[in-house]
Amino acid sequence: MASIAYSPAAFTGTSASDLLRSSSNGVSGIPLKTLGKARFAVKRRDVTVAAKMRKVKKHEYPWPADADPNVKGGVLTHLSHFKPLKEKQKPVTLDFEKPLVGLEKKIIDVRRMANETGLDFSDQIMSLENKYQQALKELYIHLTPIQRVNIARHPNRPTFLDHVFSITDKFVELHGDRAGYDDPAVVTGIGTIDGRRYMFMGHQKGRNTKENIHRNFGMPTPHGYRKALRMMYYADHHGFPIVTFIDTPGAYADLKSEELGQGEAIAHNLRTMFGLKVPIVSIVIGEGGSGGALAIGCANKLLMMENAVFYVASAVSFFMIEHSKFSSMQAAEKLRITAPELCKLQICDGIIPEPLGGAHADPSWTSQQIKAAINETMDELTAMDTEELLKHRMLKFRKLGGFQEGVPVDPKKKVNMKKKEQTVCRTSNAELEGEVENLKQQILKAKESSTKPPELALKDIIEKLKKEVDHEYSEAIKAMGLKDRLDMLREEVSKVNSRDQLMNPVIMDKIEKLKHEFNQSLSAAPNYTTLKYKLDMLKEFSKAKSLSESATLKQEVNKKFNEVMGRPEINGKLEVLRAEVQNSGSSSFVDLDQGLKEKILNMKKEIELEMINALESLSLDVEVVKSNAKVLSERTSLQVFKNKVDNLNEEINKKIENVVNSSELKNMIESLKLEIAKAGKKPDIQSKSKIEAIEQQIKQRLSEAISSSELKGKHEELKAEISEAIQSSAGTDGSMQKETKYEEPRLEINLGANRSFA
């Protein structure tokens, strides 16, 4: 019988690793290290065989020398290689956060000054801190997609194990894929949250360069996915709900990984996850890239951190593929990879909030939000039975990207759909000329036969000509090399419109310069002849259409007038009034007595009211305009001054035109148009006040132009001459008779923006 000889003296000075003991071969209470140093002796027939263990390099066990048995997570937590960092992580400022650095430096400087001098700078520090918080809030509320990508990849962002150790009561990491490998980029283990036991698995990035190299920057090999697969089967067997944490740029795509079956490992995980009979919750805590993320992401619920991203290809990869079309910033917007966008597409089921500044600003608070989200989601999923749980997981993925033929698209979904490229059907020049000649012949025939011109054909040809003219203008702009400048101006104008601001005078000046340059160079454009021909035709047919509409409207107005005047009650009153005027023996309106004058005026008002009602039935805007006019019994010699009055009017119009064409007034008019367009049909109080203020400014400029001293002098001179002529005419030959002043109302019908019918 073999016996083992050992010395009790060898057991002194045992380390913490000796807490792990062996009971094999009947040996108990012997420290492993001492057992290794002991000499084994087998005594048989006076023959002794001795063996000594070979010295090897000492292994660095994670177990500390002074193990704390009351540590959070249990004594086995000491076995984890993931320890708190000895040195604090260096702060990293992202490019878009650089404006905040100045405020931070000011706060630090003021605090240092307060400490050195002993003075009280608390008010200044509080004011600067408020400014900093406000600037930080404004910055993080309006983050762009590419900025969220940078936050998701922040070097100091909490990792999977940071969150797990923070939210679990106990956690034990499980290693290996049972095929000889243990991938450090994927971490798995069992932990408890509020007494509930879960299987945790996730991608693990490093917190510094050394850890990142060890963890392969969070990019798993096939061994990592097979380790996760083993733990999925383990959780399914024991009924542990699964929580996965996604934080990887993608699966490791080197030659060795492909040889070991990277695609097969991912596919196997995808298939298996759809058949697991336990609830699965996936949380994207950083970036989730392609199949590498999906291999542990086929869950009942997919949650995302506020600044996390989830994509098929990263924005930079998309930029490399579509190099000629998009920048990385535009690519990030086109891909729709942020949490809010993915919630709209129903890929993500919920967003976990982050503190201002990102998860790295307050990791502990962020972990508690994750813990609350896990508890809430698991309460919902554990209430389902197995069949319902499997169906829920299947339907979540089946509904993605689905559509049904013949059913109108929901407007919310339509926003995210690719816009259909509109193809403009153009008419050849020969066909257009043929249609134009045909229409001209029809218009001539209509004039000869006094019938209406073909309105439908006229409208169609005008629409075609407008499209052709627009196309010719576009071609001319391209030929002159002004397209890029025009596109840039359009972007600037659209930005101003989106912010509900007045047009910037600088932008207006750019528009005027571009317009001036275009008009000067237009005659040199290769398609100028074609453009001018089509533009002339458009003007000609637009004029014909306007005349046709005016003639039609006049006919309708005359018809209504005849209807009103043909009514028996009005005809009877007019006959009675005519008889009274004839019996009075007066030859003019002035000679009539006051009673008869009032009757005539009342009758006139009654006819006007009837006409207003009749015209309003034609959907016309009718306005009664009262003008102060002198009714003279006879014409006087004032016709002599007609030319002088016309010249003065022309001079006033030119003055007004010069003011209107000035850049200042043009800017005001453009601003007025913009405000009216923004206000819409129901403007609010603020819009009304803006519009009234701009109108008042325009009126003031026009009033200043008309009220110039030169025009006033000419007006006074002409007025004096006319009054002298009236007096001399009345005094010499008595051709001027008694004048009667009264307000003569007239009707004005508004037909459009630039036309009226009086």
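Salt bridges to start with: the count in this predicted model comes to 24. I will go through three pairs and one network.

The first pair is Lys301 and Glu380, whose side chains meet at 3.5 Å, N to O. Lys301 belongs to strand β11, residues 301-305, and Glu380 to helix α14, residues 363-382, so this salt bridge ties together parts that are 79 residues apart in sequence. How buried or exposed are the two partners? Lys301 has a relative accessible area of 16% and is buried. Glu380, at 40% relative accessibility, counts as partly exposed.

The second pair is local. Lys483 and Asp487 form a salt bridge of 3.2 Å, N to O. Both are in helix α19, residues 483-498, and since they are four residues apart, about one helical turn separates them. Lys483 is partly exposed with a relative accessible area of 36%, and Asp487 is partly exposed at 26%.

The third pair is Lys573 with Glu606, at 2.8 Å, N to O. This one again links distant parts of the chain: Lys573 sits in helix α22, residues 568-584, Glu606 in helix α23, residues 594-616, and their positions lie 33 residues apart in the count. Lys573 is partly exposed at 40% relative accessibility, and Glu606 is partly exposed with a relative accessible area of 27%.

As for the network, salt bridges link Arg153, Lys205, Asp247 and Glu287.

One more charged side chain before the rings. Lys396 lies over the face of Phe397, 5.7 Å from the ring centre.

Now the aromatic pairs. The structure holds nine of them. In Phe160 and Phe245 the ring centres are 5.1 Å apart and the planes are at 45°, so the pair is tilted. Phe160 is in helix α5, residues 160-167, and Phe245 in strand β9, residues 242-248; they are 85 residues apart, and the pair links distant parts of the chain. Phe160 is buried, at 0% relative accessibility, and Phe245 is buried at 0% as well.

Another tilted pair is Tyr473 and Phe518, with centres 5.9 Å apart and planes at 50°. Here helix α18, residues 455-480, supplies Tyr473 and helix α20, residues 505-521, supplies Phe518, so parts 45 residues apart in sequence are tied together. Tyr473 is partly exposed at 26% relative accessibility, whereas Phe518 is buried, with a relative accessible area of 13%.

Which residues do ring pairs link into a cluster? They are Phe160, Phe165, Phe171, Tyr198, Phe200 and Phe245.

Phe200 and Phe245 come up again in the nonpolar core. The largest core has 52 residues, and those with the most contacts inside it are Phe200, Ile242, Phe245, Ile283 and Ile374. Leaving aside neighbours within four places in sequence, Ile242 is in contact with Met199, Met201, Met232, Ala235, Leu276, Val278, Pro279, Ile280, Val281 and Met378. Apart from the largest core lies another, of 22 residues, which includes Ile462, Phe518, Leu522 and Leu531.

Finally, the overall figures. The protein has 27 helices and 16 strands. Of its 758 residues, 33% are buried. For contacts between residues at least 6 apart in sequence, 71% join residues at least 24 apart. The accessible surface comes to about 48700 Å², and carbon and sulfur atoms account for 53% of that.

Notes. Residues numbered from 1 in each chain as written. Predicted model: local features only at pLDDT ≥ 70, side-chain atom pairs only at ≥ 80, totals over all residues. Heavy atoms only, no water. Helix = DSSP H or I, 4+ residues; strand = E, 2+ residues; numbered from the N terminus. Buried < 20%, exposed > 50% of the residue type's maximum accessible area, 1.4 Å probe, protein only. Contact = heavy atoms within 4.5 Å. Areas by Shrake-Rupley, 256 points an atom, 1.4 Å probe, with all protein chains shown as cover. Core = buried A, V, L, I, M, F, W, Y, C linked by side-chain atoms within 4.5 Å. Phe/Tyr/Trp six-rings, centres within 6.5 Å; stacked < 30°, edge-to-face > 60°. Lys NZ or Arg CZ within 6 Å of the ring centre and 35° of its normal. Salt bridge = Lys/Arg side-chain N within 4 Å of Asp/Glu carboxyl O.
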